[in-house]
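Trainee: I have a chain open here and would like to go through it. Can you take my questions as they come?

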Amino acid sequence: MDAKKTAIYDCHVKLGGNMVEYAGWLLPSEFTGLVEEHNAVRNDVGIFDVSHMGEFLITGPDATKFTNYVLSNNLDKIGDGQCQYTIMLNENGGVVDDLLVSKYNPEKIFWVVNGANAEKDFAWIQSKKGDFDVVLENVSPNYSEIAIQGPKSQELLQKVVNIDLDELEYYHFVDGVEFDGKKVLLSRTGYTGEHGYEVYCDWEDGPEIWDKLVELGATPCGLGCRDTLRFEASMPLFGNEIDEDMGPLEAGLKFCCDMTKDDFIGKAALEKQLAEGVKRKLIGLELTGKGIPRHGYAVLKDGKEIGHITTGYLAPTVGKPIANVIIDAEEAVIGNEVEVQIRKKVVPAKLISKKYLAKK
C-alpha cells in the first residue's frame, strides 16, 4: 500500500525536507539537520507536522464512563477544557497505546492517539463498546495537526491567535480559536519538554497555517529531533518504552493509572503486578566508555544479559551518550555499573536517573 501524505506534504518538499515513510505516512525526518532543529526547539521555537496522529470523538451520555473503562487514568479528576495523558491497556496489563484526551464536557471527549496505531485502536474501542450509550467516531481524516514548541512559542503564536495565551494553562485547551482567521482547536500540550502548543485545524487549512508559522520565524522540524526531544524529556514512545508486552508499571507510568477507579481494562493485571512486584524496570543509562547506545542493544552485568536499550542517543542538549533501558528489576539501581554490547565491543556504562534535562 502506498504511503499516505499529509495535507502539508508539499510544504515540506518545497522546504527541502528529507521525506521518509513513518507509520504509513510520508513525513520529514529533518530539514536542515537534527541537532540544529533540536536546538531550535530547546532555545527558540520549532514546528512539527503531526497530522498523521489519530483523532477520535467520543460522545453520548456514557462518554466519560466509557473513557474511564477503556483508559487507565480518571477523567473525573479533570474539568471541562482540560487535557489528560492516559493509557489504553489490554487485559494482561500491556499497552495498546498511550494517548491524550481532551474533555469538552462529560458527554464529549476528544482522543488523540498514535498515528501508527489509529486503525488498530479504533477497532479495539469498537470491540469494547458493549452496552455503553456512546457514539464512537474516527475523525482522523478531518484534521491537520501542527505542534509549536519551544520557549518562544507563546510569543510567536500570540501574533496570530485571538485569545490571550497567558490565560491558557498547561494541559488545557480551547476550541474555536481564530488563527489568522481560521478556526482551530488549540491545546497547551506537546511532546518535547518545552513550553508549547498543538493546533488542530481542518485538514485543508494545514498548509496555510504551516506556511504562516514559517513566515513568522518558526523552524521547521522533522521526526528526528522529535524523538531526541521527547527522549531527553523522559516521555515514552510506543514501541520503545511501552508496548503490548511492556506495561505502565514497568515503564514508571503508574501516575496515569488510577487504581481507585471501580474497574478499567487491565486493572486486575496491574493489581497483581503491584502485589507481586514488577520483574523489569525502565531506568536511565550513561555510557562511561566510547560509543553511542542505540535501540535494541543488549545491557550486560558480569557478562550476563539483564535487559536492553529502548531508546539511546548522543543527546544534543545533555551532550552525553545516554539511553533508556529496560532491565531486571533487582539491577535497576542508580549508580549500578553495567555494560552495553555495541556490535563486537562491550562498553562500560552506569545507571542514572531518567530526569536527563535536570542535568543541563
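Mentor: We can go from the overall fold to a helix, the cores and a few single residues.

Trainee: Is this experimental or predicted, and how many helices and strands are there in the chain?

Mentor: It is a predicted model. The chain has 8 helices and 20 strands.

Trainee: What radius of gyration does the chain have?

Mentor: The value is 21 Å, which agrees with the figure near 21 Å for a compact globule of 360 residues. Along the principal axes, the C-alpha atoms fill a box of roughly 60 × 50 × 45 Å.

Trainee: And how much of the chain is buried?

Mentor: Of the 360 residues, 57% count as buried. The accessible surface is about 15600 Å², and carbon and sulfur atoms make up 47% of that.

Trainee: What share of the contacts links residues 24 or more positions apart?

Mentor: They account for 66% of the contacts with a separation of 6 or more.

Trainee: Charges next. How many positive and negative side chains are there?

Mentor: There are 39 positive and 58 negative ones, with the centres of the two sets 7 Å apart.

Trainee: Now α7. Why call that helix largely enclosed?

Mentor: Because 10 of its 10 residues, 223–232, are buried. That includes charged side chains such as Arg226, Asp227, Arg230 and Glu232.

Trainee: What covers the buried residues of α7?

Mentor: The cover includes the strands β2 (19–22), β3 (25–28) and β4 (46–49), the helix α2 (34–43), and further on β17 (304–314) and β18 (321–328). After α7 comes Ser234, with a positive phi near 60 degrees.

Trainee: Which residues touch the most other members in the largest nonpolar core?

Mentor: Phe48, Tyr85, Ile87, Phe110, Leu253 and Leu270 do, in a core of 36 residues. At least two residues each come from β6 (82–89), β7 (95–105), β8 (108–113), β10 (143–149) and α7. The most come from β6, which gives 4 residues.

Trainee: Any other core apart from that one?

Mentor: Another one, of 24 residues, lies apart from it, with Phe31, Ile47, Ile146 and Leu165 among its members.

Trainee: Back to Leu270. What is it in contact with, beyond its sequence neighbours?

Mentor: Leaving aside residues within four places in sequence, Leu270 contacts Leu89, Gly93, Pro248, Leu249, Cys257, Met259 and Phe264.

Trainee: Different spot: Asn117. Buried or exposed?

Mentor: Asn117 has a relative accessible area of 7%, so with the cut-off at under 20% it counts as buried. The residue is in the loop between β8 and α4 (118–127). Outside four places in sequence, Asn117 touches Val96, Asp97 and Phe238.

Trainee: And Leu351, where is that?

Mentor: In strand β20, residues 345–352. Leu351 is buried, at 1% relative accessible area. Beyond its sequence neighbours, the contacts of Leu351 include Ile283, Leu285, Val325, Ile327, Val333 and Ile334. Its C-alpha is 9.5 Å from that of Ile322, 29 residues away along the chain.

Trainee: Last topic, backbone. Which residue other than glycine has a phi near 55 degrees?

Mentor: That is Arg343, in the loop between β19 (337–342) and β20. Arg343 has 68% relative accessibility and counts as exposed. Tyr171 also has a positive phi, about 60 degrees, and is not a glycine. Tyr171 sits in the loop between α5 (153–157) and β11 (173–179).

Methods
Residues numbered from 1 in each chain as written. Predicted model: local features only at pLDDT ≥ 70, side-chain atom pairs only at ≥ 80, totals over all residues. Heavy atoms only, no water. Rg over C-alpha atoms; globule rule 2.2 N^0.38 Å. Buried < 20%, exposed > 50% of the residue type's maximum accessible area, 1.4 Å probe, protein only. Contact = heavy atoms within 4.5 Å. Areas by Shrake-Rupley, 256 points an atom, 1.4 Å probe, with all protein chains shown as cover. Charge placed at Lys NZ, Arg CZ, Asp CG, Glu CD. Core = buried A, V, L, I, M, F, W, Y, C linked by side-chain atoms within 4.5 Å.
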